[in-house]
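Subject: Structure handover

Hello,

Here is the structure I promised to pass on. Please open it alongside this note.

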Amino acid sequence: MTSTSDPTTARPATRRPGPGRHRLLALAGTAGLLLGAAACGSDGGTGTAGAGRLSYDQARSTAGDLAKSGSGPCPFGLDLAAALKAAGVDRPVSAGGKDRRVTEADLEEEIPAQPWPSGATPPPSMPTMPATPARAWVTCHYTVGATPVRIDLIAVADHGPAVGLMLPHIQRFGNLGVDQLTDFAEHQPTTGRTAVTPGAGLVGVARPAVRGRGDLALTLTQDTQDAPAESALTGEPLRRATERLAAQLRG
């Protein structure tokens, strides 16, 4: 995983790939890794992110309002243009994009522990599929230059699993192989830290502090399925921008 000490079958690209259990299992050969990583955080990453100014309940309430209204401005004080400027990325920024609303949101309720589906080969330490806590997901879409860019925030009711529940999303947008995903899951950022994914550094991942119960994870990535990539928003510049975004969070 790349980081420095400067002071987590997908839906179409216009929708965010949700953290549901069936999508975790869709990553062949890594179900045990993903569900295990969802149960607890690991050490890794650098920098500071957030100050516990956003609670799980606030994030869930806002996601519910956005889901009902269909869209709205990016919430929680997130300002991508300011974050990019602070990170030294000099590119024009506009909200939304072609065939993309500015925001999308989704709520998922707790899924209790249950038997593994037929055909699955669970790890010996997991006789059943672990329970998945209630969670809320908010996506903000932007265009940076000519490139679609997205901020994704997941808020989870329990402490620890936020980055783990985003691993399918991180793998997809980070273009990660199984070994790279395993490495990232094992060294995912702890609370208050930020990192970028291995390889080309295509996903910035922050673990902001949460106020009260729960867990938060925030990612910043390009969405370049049908658009040119923005070379200035990868690696260390992407990590710095992600860190700035996480520091903006407020309820």
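How many of the 8 residues of helix H6 (residues 167–174) are buried? The count is 7, so H6 is largely enclosed by the rest of the structure. Keep in mind throughout that this is a predicted model.

The buried set in H6 consists of Leu167, Pro168, His169, Ile170, Gln171, Phe173 and Gly174. Right after the helix comes Asn175, with a positive phi near 55°. That residue is not a glycine. Most residues other than glycine have a negative phi. Asn175 sits in the loop between H6 and H7. Asn175 is exposed, at a relative accessible area of 62%.

Helix H7 (residues 178–186) comes next in this note. Its buried residues are Leu181, Phe184 and Ala185. Viewed down the axis of H7, they fall within an arc of 100°, so they line one face of the helix.

Now the overall picture. The protein chain has 8 helices and 7 strands. It runs to 251 residues, and 52% of them count as buried. The chain exposes about 10,200 Å², with carbon and sulfur atoms supplying 53% of that area.

Strand S3

This strand deserves a careful look. 10 of the 10 residues of S3 are buried, so the strand is largely enclosed by the rest of the structure. In a regular strand the side chains alternate between the two faces of the sheet. Both faces of S3 are covered. One side carries Arg135, Trp137, Thr139, His141 and Thr143. The other carries Ala136, Val138, Cys140, Tyr142 and Val144.

The pairings of S3 are as follows:

- S1 (residues 93–95) runs antiparallel to S3, joined by 3 bridges. Val93 has Val144 as its bridge partner in S3.
- S2 (residues 103–108) is also antiparallel to S3, with 6 bridges. Here Asp106 stands opposite Trp137.
- S4 pairs with S3 in the antiparallel sense over 10 bridges. Ala136 has Ala155 as its bridge partner in S4.

The hairpin of S3 and S4 has 2 residues between the strands. Gly145 takes a positive phi there, near 65°.

Gly96 is worth a glance too. It lies in the loop between S1 and S2. Gly96 is buried, at a relative accessible area of 2%. Beyond its neighbours within four places in sequence, Gly96 is in contact with Arg101, Val102, His141, Tyr142 and Thr143. Gly96 and Thr143 are 47 residues apart in sequence, yet their C-alpha atoms are 6.4 Å apart in space.

The disulfide

The structure holds 1 disulfide. Cys74 and Cys140 form it, with their sulfur atoms 2.0 Å apart. The torsion about the S-S bond is about 90°, so the disulfide is right-handed. Cys74 lies in the loop between H3 and H4 and Cys140 in strand S3, so the pair ties together parts that are 66 residues apart in sequence. Both Cys74 and Cys140 are buried.

The cores

In soluble globular proteins, nonpolar side chains tend to be buried together. In this model the largest nonpolar core has 37 residues. Those that touch the most other members are Phe76, Leu78, Leu80, Ile151, Leu218, Leu220 and Leu245. The elements giving two or more residues to this core are helices H3 (56–69), H4 (80–86) and H8 (235–248), together with strands S3 (135–144), S4 (147–156) and S7 (215–222). S3 supplies the largest share, 5 residues. Apart from this core lies another, of 17 residues. Its members include Trp137, Val156, Val163 and Val205.

Which residues does Phe76 touch, not counting those up to four places away in sequence? They are Leu54, Gln58, Ala59, Thr62, Val138, Leu153, Gln248, Leu249 and Arg250. Phe76 lies in the loop between H3 and H4. It is buried, with a relative accessible area of 7%. Its phi is positive, near 65°, and Phe76 is not a glycine.

When you go through the model, you could begin with S3: it gives the largest share of the largest core, and Cys140 of the disulfide lies in it.

Best wishes

Methods
Residues numbered from 1 in each chain as written. Predicted model: local features only at pLDDT ≥ 70, side-chain atom pairs only at ≥ 80, totals over all residues. Heavy atoms only, no water. Helix = DSSP H or I, 4+ residues; strand = E, 2+ residues; numbered from the N terminus. Buried < 20%, exposed > 50% of the residue type's maximum accessible area, 1.4 Å probe, protein only. Areas by Shrake-Rupley, 256 points an atom, 1.4 Å probe, with all protein chains shown as cover. Core = buried A, V, L, I, M, F, W, Y, C linked by side-chain atoms within 4.5 Å. Contact = heavy atoms within 4.5 Å. Disulfide = S-S within 2.5 Å. Pairing = 2+ DSSP bridges. Arc of directions from axis to C-beta.
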